[in-house]
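Hi,

Here is the structure I promised to send over. Have a look first, and my notes follow underneath.

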Amino acid sequence: MYSNDIIPIGDDVLSTAVRTHLQMELGLTHQDVKATVSQGVVTLREKLGDATRREAARVSAESVSGVRRVINDISMAYHMAGRASRA
């Protein structure tokens, strides 16, 4: 079965379909991107290292059948390694 074959019925099933789609298409787990659904509206949250992956997650979620809208609240993770040790 492919992630596109999932036919969502309700927010819980739609949430599972979106998470499965993100995992299969982009390798993003629920720890990488939190996807919550309310009345068919998907909200994506967490931090990713680059804008391309952020946009890809939005496009992937939008492609799931039954998604009415995607709110992309994924923020950019900036690595500050080394800066704290200089202070």
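One thing to keep in mind while you browse: this is a predicted model. I started with strand S1 (residues 34-38) and strand S2 (residues 41-48), which pair in the antiparallel sense over five bridges. If you want to check the register, Val-37 stands opposite Val-42 in S2, and Ser-38 stands opposite Val-41 in S2. Together S1 and S2 form a hairpin with two residues between them. In that turn, have a look at Gln-39, as it has a positive phi of about 55°.

The faces of S1 are worth a look too. Ala-35 and Val-37 make up its covered face, while Lys-34, Thr-36 and Ser-38 are on the uncovered one. That fits the usual pattern: side chains in a regular strand alternate between the two faces of the sheet.

Moving on, S2 also goes with strand S3 (residues 69-76): these two run parallel and are joined by eight bridges. For the register here, find Lys-47, which stands opposite Ser-75 in S3. And what do S2, helix H2 (residues 51-62) and S3 make? A right-handed β-α-β unit.

So S2 pairs with S1 in the antiparallel sense and runs parallel to S3.

Cheers

Methods. Residues are numbered from 1 along each chain as its sequence is written. This is a predicted model: local features need pLDDT of at least 70, side-chain atom pairs count only at pLDDT 80 or more; totals for chains, interfaces and linings use all residues. Side-chain values use heavy atoms; hydrogens and water are left out. Two strands pair if DSSP finds at least two bridges between them. Helices (H or I, at least four residues) and strands (E, at least two) are DSSP runs, numbered from the N terminus. A crossover is right-handed if, with the strands pointing away from the viewer, the path from the first strand over the helix to the second runs clockwise. Buried means under 20% relative accessible area, exposed over 50%, partly exposed in between (1.4 Å probe, protein chains only).
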